Amino acid sequence: MPKPLSYLPLENIGINGLNTQANPATLDSTWLTKAENIVLRESGRISFRKGLKQNILKTSSKIGSLIEHKVGNAYKVFAGVGANIYTVDFTSPSTPWTASFATGASDSDWQFINFNKQLYGFQAGSEIVNYDDTQSSKWDHLKDRTSYSAPAGVTTFNPSCGMGYYGRLWVGGIAEEKDVIYYSDTLIGKTWGSGAAGYVDLKSVWGTDEIVAIHPFYGQLVIFGKHNIAIYTGPADPSNMVLNEVIRGVGCASRDSIQPVGDDLLFLSDTGLRSLRRTSELDKVPMVEFSTNVKDTLIRHISQSNVAKGCYVENEGVYLLSFVELNITYVFDIKHQTPNKVPRVTQWVFDGDREPSSMVFTESKDLLVGQKVGSVATYEEYYDKDFVSGGTYTDYSYTTSFLTPWLNLGNSVIASLLKKLKAVIDGGSGTNATIRWFKDFNQNISAINEHSFELNPTTTGNTFLWGASTTLYGNKDTSVNSHTHASTHTLSATYAPIFGLQEYNINLTQSAKFLQIEMSAETKGYSATLQSMAILYKQGKIR
């Protein structure tokens, strides 16, 4: 008597995101062991990431830093490129690089700080740069501004990091005193040696360390060292502020990884992505680790890369962490937590040096990405697009891929006869997709373990009501509700939904006790979302 088909629904497939920390043989189908170029929708469904669309013609060097600065009622975007800082003119995409300022620096790794209607730039080993729209030389080195004064006893004032908050500028990491934080006079970013300016020496606070970054946090001043964190209360009056807490043994591995996210502050330590989170009493700041599910992998990437850039994309609810030298961008979904109370994680990779080398979330353009290839891109559509001189674009497909853990087909001693995989996918018209399946912990691929197909959702539909002769607006019948620009309207239009649902059936072969599924797809400019997946099989022989 034939044995009945068994049905294994992969419920909520991948909803918890990437997990490279746990044993893939013990994870269930809500996790992924590979998650490249995908995002997880609100519903937890696996979907394509959007593309990076270049807004301007690329230059010859990576965009090492970006900032948006408000001048009057308008916004300007500045970019650090090589040894220069440029104003980026998005209205002239073929010639966008204007108002060049030669910084004299050896790199473009600036930290830009908006403070009191001016802009300041800090980089290790470089003099502070300043943008002041009221001056004839809008960009200049701060030391060359009128009435500039350096801190007493400092030969070369070249801080690596800064902050504009609590009524003054704060800087740290100068080459000759890397564990001293300096603060400017009240509301005067060029006065450091007189008035209410001063400094705090941290040698007696945390011992031997150096300042990496400075940030505000709920009325407190947080000073990140490489191996320690010092937190002060009362920074509005620096002469009377008090050391509240020293967190020893944990510091910041990258200045530009630090991002405020809601009521939290995220930063990259040498043991992973962490956050400072307040208790209800606001008197202690326990740390929370966000990268638990990818901990060892992330630590390895930290040791391999000298540059990591972070950005919180508010309208997407994700924190992006780009290891520029490795072309790996981690995506932490802050909106949703996994069962172990940390954000869901996926990864992005890019072809042609299009990876983020700097990022900023702006008031005027949302996410701006400075690319290693030398352009500035926005996050939209479903191609990576390169701007070509003359106002045209070249579309580049990218490949998405995810891999499930090892799925137990019900009995670890009885091999199951593989019959069919069913997948319901939304959209992605014309996308080339491939399903691969691996058996019993063996990941050697042969032709029999692979099936390719094209996504072909429904592309026919009903006539739009707009533009039809029976509508009150848009018709060309001048005898019925006519209007002066009626001739510009078509009589009707056809709705062609490229995002329709479609079930795809893939015939599986051979037998297995454990099965691992990989799906990859090359984008064709349309979104695609995996809605559900299931495996059909029959009980086989004991082996």
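**Figure 1. Strands β19 and β20 side by side in the predicted model.** Here is a good place to start looking at strand pairing in this predicted structure. Strand β19 (residues 220-225) and strand β20 (residues 228-233) run antiparallel and are joined by five bridges. If you would like a landmark within this pairing, take V222, which stands opposite I231 in β20. Zooming out a little, β19 and β20 belong to an open sheet of four strands, ordered β18-β19-β20-β21 with antiparallel pairing. The edges of this sheet are β18 (211-217) and β21 (242-248), each of which pairs on one side only. From one strand to the next, the twist averages 20°. As a general reminder, the strands of a sheet pair through backbone hydrogen bonds, either parallel or antiparallel.

**Figure 2. The open sheet β10-β11-β12-β13.** Four strands make up this open sheet, and their pairing is antiparallel. At the edges stand β10 (111-115) and β13, each with a single partner strand, so one side of each is left without a neighbour in the sheet. Direction ignored, neighbouring strands here are turned by 25° against each other on average. For a closer look, follow strand β11 (residues 118-122) and strand β12 (residues 129-131), which run antiparallel and are joined by three bridges. Within that pairing, L119 has Y131 in β12 as its bridge partner.

**Figure 3. A cluster of rings around F101 and W139.** Ring pairs link F78, F101, F112, Y131 and W139 into a cluster. In the whole structure, a search finds 22 aromatic pairs. One of these is formed by F101 and W139, a stacked pair with 5.9 Å from centre to centre and 10° between the planes. F101 lies in strand β9 (residues 97-102) and W139 in strand β13 (residues 139-141), so this pair ties together parts that are 38 residues apart in sequence. Both F101 and W139 are buried. Y131, another member of the cluster, is the bridge partner of L119 in the pairing of β11 and β12.

**Figure 4. Strand β16 between its partners β15 and β17.** On one hand, β16 pairs with strand β15 (residues 168-174) in the antiparallel sense over four bridges. These two strands form a hairpin with two residues between them. On the other hand, β16 pairs with β17, also in the antiparallel sense and over four bridges. I181 is a handy residue to follow through this view: I181 in β16 is the bridge partner of G172, and V200 in β17 is the bridge partner of I181. β16 is mostly covered, with five of its seven residues buried.

**Figure 5. The tilted ring pair Y182 and Y199.** The ring centres of Y182 and Y199 are 6.1 Å apart and their planes meet at 45°, so the pair counts as tilted. Y182 sits in strand β16 (residues 177-183) and Y199 in strand β17 (residues 198-201), and the pair links these distant parts of the chain, 17 residues apart. Which of the two rings belongs to a buried residue, and which to an exposed one? Y182 is buried, with a relative accessible area of 6%, whereas Y199 counts as exposed at 55% relative accessibility.

**Figure 6. Two arginines over tyrosine rings.** R49 lies over the face of Y398, at 3.7 Å from the ring centre. In the second example, the charged end of R354 sits over the ring of Y396, 4.1 Å from its centre.

**Figure 7. P24 and its contacts far along the chain.** P24 is found in the loop between β1 (6-9) and β2 (34-36). Its relative accessible area is 31%, which makes P24 partly exposed. Leaving aside residues up to four places away in sequence, P24 touches T33, P405 and W406. P24 and L407 are 383 residues apart in sequence, yet 9.1 Å apart in space, C-alpha to C-alpha.

**Figure 8. The whole protein, for context.** The secondary structure comes to two helices and 43 strands. Of the 543 residues in the protein, 53% are buried. Among contacts between residues at least 6 apart in sequence, 58% join residues at least 24 apart. The accessible surface comes to about 23,500 Å², of which 49% belongs to carbon and sulfur atoms.

Definitions and conventions. Residues numbered from 1 in each chain as written. Predicted model: local features only at pLDDT ≥ 70, side-chain atom pairs only at ≥ 80, totals over all residues. Heavy atoms only, no water. Phe/Tyr/Trp six-rings, centres within 6.5 Å; stacked < 30°, edge-to-face > 60°. Buried < 20%, exposed > 50% of the residue type's maximum accessible area, 1.4 Å probe, protein only. Lys NZ or Arg CZ within 6 Å of the ring centre and 35° of its normal. Pairing = 2+ DSSP bridges. Axes fitted to C-alpha atoms, helices over the stretch in contact; angles between N-to-C directions. Contact = heavy atoms within 4.5 Å. Areas by Shrake-Rupley, 256 points an atom, 1.4 Å probe, with all protein chains shown as cover.
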